[in-house]
Amino acid sequence: MSSKINGHVSPQPCPHLLDFRSRNGSKPFRALQDCIRVKPPGGRAAIRREPSEVPRCDTCEESSRPRLYACVACAAVLCHAPPLHSHASGHALSIPGHEIAVDVDRAELFCCACRDQVYDRDFDSAVVIAQTITITATTTATASTSGSTAMQCNITGSQPENLRKRRRVDYRPWAPDSREHVIIENHSIPLQDATNASLISSIELPWGLRGLNNLGNTCFMNSVLQALLHTPPLRNYFLSDRHNRYYCQQKYGAINGTKNSRLCLACDMDAMFSAVFSGDRTPYSPAKFLYSWWQHAANLASYEQQDAHEFFISMLDGIHEKVEKDKRKSQSPGSGDCCIAHRVFSGILRSDVMCMVCGFTSTTYDPCVDISLDLEPNQGGSGKSSSSKSHSSCNVEADCMGSNQKCGMSTLKGCLERFTRAEKLGSDQKFFCQKCQVRQESLKQMSIRKLPLVSCFHIKRFEHSSIRKMSRKVDRYLQFPFSLDMSPYLSSSILRSRFGNRIFPFDGNEQDVSNELSSEFELFAVVTHAGKLDAGHYVTYLRLSNQWYKCDDAWITRVNESIVRAAQGYMMFYVQKMLYYKASEKQAAS
């Protein structure tokens, strides 16, 4: 029962529901609130008189029918299995005023006479309030029971219910056909020829893999640059001459030394891409880029160790700032059209703050170039494991894999679930509800409205306490997958999982900006940090041609997959699977 108005679905009122409301008001719906059961965390609501009740049809006594409905007027449970039969419809036709029922498994209203779903805001508000109460109680109880739950899971060896296997489609490697072979041969020049064959290492490293010299505590810069040099969309942009440094310098008079000359981080990136992919295997010194970055971020211009994540944000900001001045117009970074930095890394986060009294929701959208994640709370284990121990032996990974709780291990998926989990704001953070016209207790939930081409996840390993006036590093192990499905963390998925087919939480018509094809991501770079807060070292692991390489400043070595899994991840770079070319494992040769 719906119609489209201006392209949007607007439900039409059901005459039977209007008649039911005129005779009974909203009292029957509010009485159902005590029977609403919500499976935590944030699951769909169901109707049960008792939590362990197994509903059955009062007529045929079957519990396995496609749908079971409870009559709102008399609480009779009846089945609805079209086109065979419908005891619910028979009940509605035989007794006037008993047309409205509720789905016992979904807590959604249904008109048995019209045989269609109907919507009532008072009923939906009762369901959302019940969900809010359950989420709040679950969040409060999690902290106090995490230790005992972890011990119980460790003893029984059972896995949480929310760890469900997802069906995946096997990746098919691309191989050129005869027509494409002709195009490649006629329009390409071999990179490895007689002139540079002597520069190729005997190890046969992938093309473009070149060490970066440490210019004095610049491992933080080298580690991030290695990840960016092998970011597929960024690499394709610069290697296809989309930003030509000679044209840029001539345009702004840098070559002639005029007053308009100024430094450009994008030009320095273009020069670095040319040098790294030139075929020369000797380590490259990014001194020109370092000088340009110092001019942009004067507060960080020193030979002291800096934070890799802070450098990453500052560098993207420098590229964005230069392009904005060139275009002389302002564009939203969230649109992804302002510069190459935001075209590759920019996404949009959605923040929902819901009043816990009336259910009114305030929604805001914020652009982001990365997502900073807190490690999961330590569950029954000593999360203070030594950094040297986690890097000295691959056996640590096997031991930690055996029991998450034993080693205090966190997972990237767990951190994302914690990031998108609804949380109750404190009493000192009450927000002004536009519907209640007073400050109320609220529930806040984050989600991802738009996914970027490349997702960067920053793990908060450095904690700073203003009360104790001290800082420390969290050395807990983090397990991260090589393939990541981001669809569970999208705004559309979270809202649909929480509210089902209810329509009022979608006021504003939330669009699924990121479709299912772009929600599959592949890991291609991991920036790690070893050591203490004030004396550490950054190293990057790169995944090229499905093989991992360790980039430790000027040294490039080939490493095993288990070494990467055991590394202490600080920044993880994932690219959309459709943009990631995974080398065929000799399957396409035949």
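The legends below describe close-up views of a predicted model.

**Figure 1. Overview of the predicted chain.** The secondary structure comes to 17 helices and 28 strands. Of the 590 residues in the chain, 45% count as buried. Among contacts with a separation of 6 or more, 68% are made by residues 24 or more positions apart.

**Figure 2. Helix α9 against helix α10.** Helix α9 covers residues 265-276 and helix α10 covers residues 287-296. Their axes come within 9 Å and cross at roughly 165 degrees. Angles over 145 degrees count as roughly antiparallel, and α9 and α10 are therefore roughly antiparallel to each other. The crossing of α9 and α10 is left-handed. On the α9 side, the contact is formed by Leu265, Asp268, Met269 and Met272. These residues meet Lys288, Phe289, Ser292 and Trp293 of α10. By class, the residues of the contact of α9 with α10 divide into 5 nonpolar, 1 polar and 2 charged.

**Figure 3. Helix α7 against helix α9.** The axis of helix α7 (residues 232-239) comes within 10 Å of that of α9, and the two cross at roughly 90 degrees. Angles of 65 to 115 degrees count as roughly perpendicular, so this description applies to α7 and α9. Leu234, Arg235, Phe238 and Leu239 of α7 make the contact with Ala266, Met269, Asp270 and Phe273 of α9. The residues of the contact of α7 with α9 divide into 6 nonpolar, no polar and 2 charged. Met269 of α9 takes part in this contact and also in the contact with α10.

**Figure 4. Strand β19 and its pairing with β13 and β28.** Strand β19 spans residues 454-459, and 6 of its 6 residues are buried. In a regular strand the side chains alternate between the two faces of the sheet. In β19, Val454, Cys456 and His458 point one way, while Ser455, Phe457 and Ile459 point the other way. Both sets are buried. Strand β13 (residues 371-373) runs parallel to β19 and is joined to it by 3 bridges. In this pairing, Leu373 stands opposite Ile459 of β19. Strand β28 (residues 569-576) pairs with β19 in the antiparallel sense, over 5 bridges. Here Tyr574 of β28 is the bridge partner of Ser455.

**Figure 5. The open sheet of 6 strands with helix α3.** The strand order is β7-β6-β5-β8-β9-β10, and the pairing is antiparallel. The edge strands, β7 (85-86) and β10 (116-117), each pair on one side only. Strand β9 (residues 109-111) is joined to the edge strand β10 by 2 bridges, and the two run antiparallel. Within this pair, Cys111 stands opposite Asp116 of β10. Helix α3 (residues 87-94) packs on the sheet and touches β5 (68-71), β6 (77-81) and β7. The direction of α3 makes about 120 degrees with that of β6.

**Figure 6. The open sheet of 4 strands with helix α16.** This sheet has the order β12-β11-β18-β15, with antiparallel pairing. Its edge strands are β12 (361-368) and β15 (423-424), each of which pairs on one side only. Strand β11 (residues 347-355) pairs with strand β18 (residues 442-450) in the antiparallel sense over 8 bridges. Ser442 in β18 is the bridge partner of Cys355. Helix α16 (residues 491-499) packs on the sheet, touching β11 and β18. The direction of α16 makes about 135 degrees with that of β18.

**Figure 7. The surroundings of Ser351 in strand β11.** Ser351 lies in strand β11. Its relative accessible area is 7%. Buried means under 20%, so Ser351 counts as buried. Leaving aside neighbours within four places in sequence, Ser351 is in contact with Ser362, Thr363 and Thr364. Ser351 is also in contact with Lys444, Gln445 and Met446.

**Figure 8. Gln434 in the loop between β16 and β17.** Gln434 is placed in the loop between β16 (431-432) and β17 (439-440). The relative accessible area of Gln434 is 53%. Exposed means over 50%, so Gln434 counts as exposed. Thr361 is 73 residues away from Gln434 along the chain, and the C-alpha atoms of the two are separated by 9.2 Å.

Key
Residues are numbered from 1 along each chain as its sequence is written. This is a predicted model: local features need pLDDT of at least 70, side-chain atom pairs count only at pLDDT 80 or more; totals for chains, interfaces and linings use all residues. Side-chain values use heavy atoms; hydrogens and water are left out. Axes are lines fitted to C-alpha atoms, for helices over the stretch in contact, and angles run from 0 to 180 degrees between N-to-C directions. Angles under 35 degrees count as roughly parallel, over 145 as roughly antiparallel, 65 to 115 as roughly perpendicular and the rest as oblique. A crossing is left-handed if the near helix is turned anticlockwise from the far one by less than a right angle, and right-handed if clockwise. Contact means heavy atoms within 4.5 Å. Ala, Val, Leu, Ile, Met, Phe, Trp, Tyr, Cys and Pro count as nonpolar, Asp, Glu, Lys and Arg as charged, and the others, Gly among them, as polar. Buried means under 20% relative accessible area, exposed over 50%, partly exposed in between (1.4 Å probe, protein chains only). Two strands pair if DSSP finds at least two bridges between them.
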